[in-house]
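User: I am new to this structure and would like a close look at a single part of it, its helices, explained step by step. Please say what each one shows and how the pieces relate to one another.

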Amino acid sequence: MLTTMGVLLGTAAAAALGKVEWNRKLALDSLDVMPLANDAGKQLLALAGHMQQHRGMSAAWLSGDSSYASRLATKRADILACIGALHGPVARETDRPYPCFTQNDLALLRFKWQTLVEDLPGLSAGLSIGQHTQLIAVVLDWLASFGEARIELPAGELVTAGTTRNFCHRLPALAETLGQARA
């Protein structure tokens, strides 16, 4: 009886130590990929910003200000560059057990963006704002979940509580609300 109890306690202790070591290794591995996560977060933030600017320019152009036509083309190129820069981070994210977004999500975003661009000349300013806002919301949702799962949680105590949430959720959401109000 005593030997069986000792074996069970020893097995439980070994399992607990193994779990602690596995969690420590996972945390260290996560810190190794944090620069990649930060780059992906920056790309998502840049994409949201360019889309917000495109929304405002489109509304002005559709309301009759033709001076925005050339700037819209430049802004579209910026957006496509951001989407292209996300392919690497999205491929890495897709391979994770619980991805914040996948290659299919990015392909769908690109398709919806291209559809919006093609349909833009026939839209009203209000409809354009609405469609832009839907796409921006998708990107901001990705940014918020990515920041929480890939930056804030792995960093643990290395990042001040709430810092990641401020930069990946609260401030982008505030900027979006102000952008909607302005549009």
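Analyst: The expected span of a helix is 1.5 Å times one less than its number of residues. The model in view is predicted, and that rule can be applied to helix 4 (residues 103-119), which has 17 residues and reaches 24 Å from its first C-alpha to its last, close to the 24 Å expected at 1.5 Å a residue.

Helix 4 also has a buried side, since L106, L109, W113, L116 and V117 are buried there. Seen down the axis of helix 4, these buried residues fall within an arc of 100 degrees, so they line one face of the helix. On the other side of helix 4 the picture is reversed, for N104, F111 and E118 are exposed.

Before turning to the other helices, it helps to place helix 4 in the whole chain. The chain has six helices and zero strands, and read along the sequence it follows the pattern α-α-α-α-α-α. Of its 183 residues, 32% count as buried. Among contacts between residues at least 6 apart in sequence, 70% join residues at least 24 apart.

Helix 2 (residues 69-85) can be examined in the way helix 4 was. At 1.5 Å a residue, the 17 residues of helix 2 should span 24 Å, and its end C-alpha atoms are 25 Å apart, which agrees. In helix 2 the residues L72, K75, I79, C82 and I83 are buried. They cover an arc of only 95 degrees around the axis, which puts them on the same side of helix 2.

One of these buried residues, K75, takes part in a charged pair. The structure holds one salt bridge, and in it D78 is joined with K75, the closest N and O atoms being 3.5 Å apart. In general, side chains of opposite charge can pair when their charged atoms come close. Here the two partners are three residues apart in helix 2, and D78 and K75 are therefore separated by about one helical turn. The partners differ in how they are covered: because buried means under 20% relative accessible area, K75 counts as buried with a value of 9%, while D78, at 26%, is partly exposed.

Helix 2 also meets the next helix along the chain. Two packed helices are described by the angle between their axes and the distance between the axes. Helix 2 and helix 3 (residues 87-94) pack at an angle of about 35 degrees, with their axes 5 Å apart. On the side of helix 2 the contact is made by I83, G84 and A85, and on the side of helix 3 by H87, G88 and P89. The residues of this contact divide into three nonpolar, three polar and no charged.

Within helix 3, the buried residues are P89, V90 and E93. Seen down the axis of helix 3, they fall within an arc of 100 degrees, so they line one face of the helix. P89 thus appears twice, as a buried residue of helix 3 and as a residue of the contact with helix 2.

A last stop is S128, which lies in helix 5 (residues 125-155). At 0% relative accessibility, S128 counts as buried. Leaving aside its neighbours within four places in sequence, S128 is in contact with S58, L62, L120 and L123.

Definitions and conventions
Residues are numbered from 1 along each chain as its sequence is written. This is a predicted model: local features need pLDDT of at least 70, side-chain atom pairs count only at pLDDT 80 or more; totals for chains, interfaces and linings use all residues. Side-chain values use heavy atoms; hydrogens and water are left out. A salt bridge is a side-chain nitrogen of Lys or Arg within 4 Å of a carboxyl oxygen of Asp or Glu. Helices (H or I, at least four residues) and strands (E, at least two) are DSSP runs, numbered from the N terminus. Buried means under 20% relative accessible area, exposed over 50%, partly exposed in between (1.4 Å probe, protein chains only). Axes are lines fitted to C-alpha atoms, for helices over the stretch in contact, and angles run from 0 to 180 degrees between N-to-C directions. Contact means heavy atoms within 4.5 Å. Ala, Val, Leu, Ile, Met, Phe, Trp, Tyr, Cys and Pro count as nonpolar, Asp, Glu, Lys and Arg as charged, and the others, Gly among them, as polar. The arc is that of the directions from the helix axis to the C-beta atoms.
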